[in-house]
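Open the structure in your viewer and keep the selection panel at hand. The stops below say what to select and what is there.

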Amino acid sequence: MSAPQSQNALIRWIDHRMPIFTFMHHELHEYPAPKNLSYWWNFGSLAGIVLVIMIVTGIWLAMHYTPHVDYAFQSVERIMRDVNYGWLIRYLHMNGASMFFLVVYIHLFRGMYYGSYKYPRELLWILGVVILLLMMATAFMGYVLPWGQMSFWGATVITNLFSAIPLFGDPIVTWLWGGFSVDNATLNRFFSLHYLLPFLIVGVVFLHLWALHRFGSNNPIGIDTKGPQDSIPFHPYYTIKDAFGTGVFLLVFAGFVFFAPNFFGEPDNYIPANPLVTPAHIVPEWYLLPFYAILRAIPDKLTGVIAMFGSILLLMALPWLDTSRVRSATYRPIYKQFFWVFVVDCLVLGYIGANPPEGWFIVIGRIATAYYFIHLLIIIPLLGKLERPLELPASISTPVIGSGAAQPQAARMEKP
Amino acid sequence: MADTAHGRGPGSGDHGGSRRDFLVLASGAMGAVGAAAAAWPFIHYWNPSADVLALSSTEVDVAPIQEGQAITVTWRGRPVFVRRRTAAEIEQARAIKPADLPDPQDDAVRVKKPEWLVLIGVCTHLGCVPLGQKATEARGEYGGWFCPCHGSHYDTSGRIRKGPAPKNLPVPPYEFTGDTTIRIG
């Protein structure tokens with residue numbers, strides 16, 4: 001089935017001049033993948049699918065959206081009420097943003113658990129963090145477009161982060177706004193950038209895949225494939241596994257879209273933007289809450305902003321902060337426990353970010369923020385030196401096939 | 001391993017491949033149905049929205065129009081000509097035999113009251129708005145309308161008489177809601 005041997009003369013003609021069919025066959029069909037990938041490895045392709053859904057629904061929304069302070073809110077309501085299936089396409093886009101972050105965060109934690117960021121996949125990991133940053137910027141600017149109360153005040157608060165920059169803070173914020181407050185110029189440039197950035201994300205996704213395909217996927221055991229006996233062709237084995245996972249994911253997605261479309265949203269964003277009244281309790285979307293909690297945990301403005309951006313940028317340094325050569329947490333008994341503590345810490349930060357900064361929330365937020373940095377800057381580097389990992393199997397096949405037994409559990413039960 | 005990677009293993013009892021073919025066809029057909037169902041909202045999104053459909057009728061008060069005059073009103077974003085014809089213009093429109101026209105139509109079926117001619121003012125050639133609403137404008141060789149884009153001549157019944165346009169100017173759905181009021185649409 002390889003393209004050069006294709007029966008179709010047109011395919012052979014094109015492929016001889018531009019080997020795109022050979023390339024696709026090589027990267028999507030025969031591409032050797034470790035044979036032990038679990039369902040945690042579905043989330044990369046899922047993220048790609050959500051990106052496509054977001055771009056398509058977004059282009060469609062732009063066909064009826066008006067980026068003007070006087071019309072933006074109305075045009076979104078018109079999409080919801082008057083445009084054919086406008087409600088569906090907007091709810092897909094709105095909930096798609098949440099699904100995108102959900103999938104990407106699982107993808108990211110999977111990489112952390114199985115040490116997917118370690119040699120030779122450091123650049124792959126860094127490109128992933130770049131995608132995450134672009135996603136956050138895109139999501140933030142998209143949230144501004146409906147021009148509700150949360151849109152307006154979210155835009156005001158986030159752009160004001162840049163006023164923390166010494167000396168040039170205020171001129172930079174004025175420059176970002178194109179005026180002396182968040183106004184029509186801001187809305188227009190946010191719309192323009194919100195349309196542009198997803199295509200940049202597509203570009204970085206291609207780099208991410210390029211880097212991935214250099215050495216192939218990591219796997220739950222975290223050791224390299226030792227030969228053809230350790231891998232299976234991507235198609236049909238992982239195309240069908242990804243397709244099944246996509247079906248399950250789409251059920252969850254559709255569940256939110258059709259039965260709880262405003263579950264992730266804020267009711268205040270259905271009030272048109274009012275530059276004279278700030279809502280009593282403003283919060284970002286859930287996927288930004290942990291970082292929002294870090295921002296508020298630190299009483300100094302500039303340090304808070306640095307800590308917030310630093311908490312994301314620090315992830316890029318993870319391949320060098322982690323001094324352990326063992327990738328998978330399966331063989332790192334202590335790291336495995338700290339990993340889950342870190343996951344809980346991130347969830348706590350999210351919870352704190354959703355609550356007003358008062359009383360115990362402040363104390364817990366500070367402890368959780370401190371732990372976030374302690375985990376990355378102290379625990380991870382030290383663990384690599386102090387922890388004694390379990391013995392790694394000789395190959396990917398060993399834990400499965402062992403000494404002739406088909407299933408380790410079954411084999412273990414048979415033993416006296 | 002090599003067996004699974006290269007399709008049917010020996011002795012699987014699946015010599016015709018019918019089971020696999022069935023699964024591929026069934027899942028492929030299901031996927032096609034799903035893709036079509038998912039595509040429809042995106043296609044229908046382009047159709048006129050509810051607020052556009054709600055604007056699909058226009059009320060016109062024609063009382064101020066004197067004999068020989070015409071006004072242009074907007075209906076669904078397009079110009080509609082309302083012309084109060086003179087007796088001579090009606091006579092001119094009815095003098096010709098419909099069978100001799102490029103798009104045969106009797107003047108009587110194009111009007112509700114002979115005095116009032118209501119037309120969609122969009123040339124049936126390529127969509128320009130013909131001239132002739134004002135007495136000072138060119139009305140073509142047949143005293144009706146003249147399209148300056150490609151030279152189509154319409155008569156006093158709005159029928160094509162000369163030029164590249166294939167059809168008469170269409171009559172929109174309308175009715176008289178009073179002696180001098182028309183509802184178009």
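Select chain B: buried residues (under 20% relative accessible area with a 1.4 Å probe, protein chains only) make up 32% of its 185 residues. This is a predicted model, in which local features need pLDDT of at least 70 and side-chain atom pairs pLDDT 80 or more, while totals for chains, interfaces and linings use all residues. Residues are numbered from 1 along each chain as its sequence is written, chains are lettered from A in the order written, and side-chain values use heavy atoms, without hydrogens or water.

Turn chain B to see its extent: the C-alpha trace spans about 95 × 35 × 25 Å along its principal axes.

Colour chain B by secondary structure. It has 4 helices and 9 strands (DSSP runs: H or I of at least four residues, E of at least two). From the N terminus, the order is α-α-α-β-β-β-α-β-β-β-β-β-β.

Now select the residues of each chain in contact with the other (heavy atoms within 4.5 Å): 19 from chain A and 15 from chain B. The two chains bury about 1400 Å² between them (accessible area lost on being put together, 1.4 Å probe, summed over both), 64% of it on carbon and sulfur atoms. Pick out Trp60(A), Asn84(A) and Tyr85(A), which supply 38% of the area that chain A buries against chain B, more than any other three residues.

Last, show the side chains of Arg78(A) and Asp51(B). They meet in a salt bridge at 2.5 Å, N to O (the rule: a Lys or Arg side-chain nitrogen within 4 Å of an Asp or Glu carboxyl oxygen). Across this interface the rule finds 1 salt bridge.

Conventions. Buried means under 20% relative accessible area, exposed over 50%, partly exposed in between (1.4 Å probe, protein chains only).
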